[in-house]
Amino acid sequence: MRKPLVAGNWKMNGTRESARTLLDGIKAGAMAVNGAELAVCVPFVFLQQVQEMLAGSPIAWGGQDLSKEPKGAFTGDVSAAMLLEFGCRYVIVGHSERRTLHGESDAEVAEKTAAALEAGLTPIVCVGETLEEREQGVTNDVVGRQLDAVLARVGSAGLGRCVVAYEPVWAIGTGRTATPEQAQEVHAFIRARVAADDAAVAEGLKILYGGSMKPDNAAELCAKPDIDGGLIGGASLVAEDFLAIGRAAGGN
Ligand code: PEP
């Protein structure tokens, strides 16, 4: 049985003050979230504050990106070891905003996944098609290619230590959600692709849905057999919305 995970992606939002209020709110309601794990992936500069506030709570935390390099002359980058030092369990890898705004290739995403795994972090590997690709009917080709790059680099054993997030680019931050059926179809495709390599890994793999998941659509999405929770952008910035998604994903 896969325990659902609901991970917040704060993106580049917040101040020390608003982060404190948000974390206080999430902590206050976390005990009522049964059956799902909660995590927040925050801007690097908030990691110390998050570690101080969430240590000992049931809520995990992580970064939103990492360098594929362990150290050195890489101005602006942050290594896996640095994230670990601040207590991170997770790191988002290959978010569509990194792929499009920072030109991250499938190969680079695979290298970052490997770097995270080598350090002992759990990468949340994002895959997903653009609207144009969906309309061209190549969703599975795109998602399959993105997944295969990671599989080729870390193998199915490595992928078994990752979380995968299916995030249709056209649904991210747009208020336009994939229907539960559309999402389930791609999630089932991802699981089948992994199963072709290793059935046990596929069975245990958490596949999150991301793209305008909100309190009012989370239960229906998470009820699908291959949807194991969500990667939440906008709604993760409102404690009650994030908690409501967590409760829905956990079936309570
Ligand atoms: C995301 O950025 O990963 C995301 C899913 O954003 P939103 O929930 O705002 O669509």
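Q: What makes strand S5 and strand S6 a pair, and in which sense do they run, parallel or antiparallel?
A: In this predicted model, strand S5 (residues 122-127) and strand S6 (residues 163-166) are joined by four bridges in the parallel sense. Since pairing requires at least two bridges between two strands, the four bridges of S5 and S6 satisfy the criterion, and the two are therefore called paired. One of the residues involved is Ile124, whose bridge partner in S6 is Val163.

Q: What larger arrangement do strands S1 to S8 form?
A: The eight strands run in the order S1-S2-S3-S4-S5-S6-S7-S8 as a closed barrel, with parallel pairing. From one strand to the next, the twist averages 25°.

Q: How do you know which way helix H2 runs relative to S3?
A: Helix H2 (residues 47-54) lies across strand S2 (37-41) and S3, and its direction makes an angle of about 170° with that of S3. Because angles between N-to-C directions run from 0 to 180 degrees, the value of about 170° puts H2 toward the upper end of that range with respect to S3.

Q: Why are the buried residues of H1 said to lie on the same side of the helix?
A: The residues in question are Ala19, Leu22, Leu23, Ile26, Gly29 and Ala30. They cover an arc of only 135° around the axis, and so they fall on the same side of H1. These buried residues pack against S2, H2, S3 and helix H11 (239-249), whereas the face turned away from the buried side carries the exposed residues Glu17, Thr21 and Ala28.

Q: How do you know that the length of H1 is close to the expected value?
A: H1 has 15 residues, and from its first C-alpha to its last it reaches 21 Å, which is close to the 21 Å expected at 1.5 Å a residue.

Q: Why is Ala183 called buried?
A: The relative accessibility of Ala183 is 0%, and because a residue counts as buried under 20%, Ala183 meets the criterion. Ala183 lies in helix H8 (residues 180-195), and, leaving aside residues up to four places away in sequence, it touches Tyr166, Ala178, Tyr209, Leu221 and Ile227. The C-alpha atoms of Ala183 and Lys224 are separated by 8.7 Å, although these residues are 41 residues apart along the chain.

Q: Why is the contact between Asp228 and Arg2 called a salt bridge?
A: The N to O distance between their side chains is 2.9 Å, and because the cut-off is 4 Å between a side-chain nitrogen of Lys or Arg and a carboxyl oxygen of Asp or Glu, the pair qualifies as a salt bridge. The pair links distant parts of the chain, with Asp228 in the loop between helix H10 (215-222) and strand S8 (229-232) and Arg2 in the segment before strand S1 (5-9), 226 residues apart. Both partners fall under the 20% limit and are therefore buried, with a relative accessible area of 5% for Asp228 and 17% for Arg2.

Q: What makes Arg98 partly exposed, while Asp65 counts as buried?
A: Asp65 has a relative accessible area of 11%, and so it is buried, whereas the 23% of Arg98 makes it partly exposed, because the limit for buried is under 20% and that for exposed is over 50%. These two residues form a salt bridge, their closest N and O atoms being 3.3 Å apart. The bridge links Asp65, in the loop between strand S3 (59-63) and helix H3 (80-85), with Arg98 in helix H4 (residues 96-101), 33 residues apart.

Q: How do you know that Glu104 and Lys112, which form a salt bridge, are buried?
A: The relative accessibility is 6% for Glu104 and 5% for Lys112, and because both values are under 20%, both residues count as buried. In their salt bridge, the closest N and O atoms are 2.7 Å apart. Elsewhere, salt bridges that share partners join Arg2, Arg191, Glu203, Asp226 and Asp228 into one network, and the structure holds 18 salt bridges.

Q: What makes the phi values of Lys11 and Ser212 worth noting?
A: Most residues other than glycine have a negative phi. Lys11, however, has a positive phi of about 55° although it is not a glycine, and Lys11 is found in the loop between S1 and helix H1 (16-30). Phi of Ser212 is likewise positive, near 55°, and Ser212 is placed in the loop between strand S7 (206-210) and H10. Ser212 counts as buried because its relative accessibility is 9%.

Note on methods. Residues numbered from 1 in each chain as written. Predicted model: local features only at pLDDT ≥ 70, side-chain atom pairs only at ≥ 80, totals over all residues. Heavy atoms only, no water. Buried < 20%, exposed > 50% of the residue type's maximum accessible area, 1.4 Å probe, protein only. Contact = heavy atoms within 4.5 Å. Expected span 1.5 Å × (residues − 1). Arc of directions from axis to C-beta.
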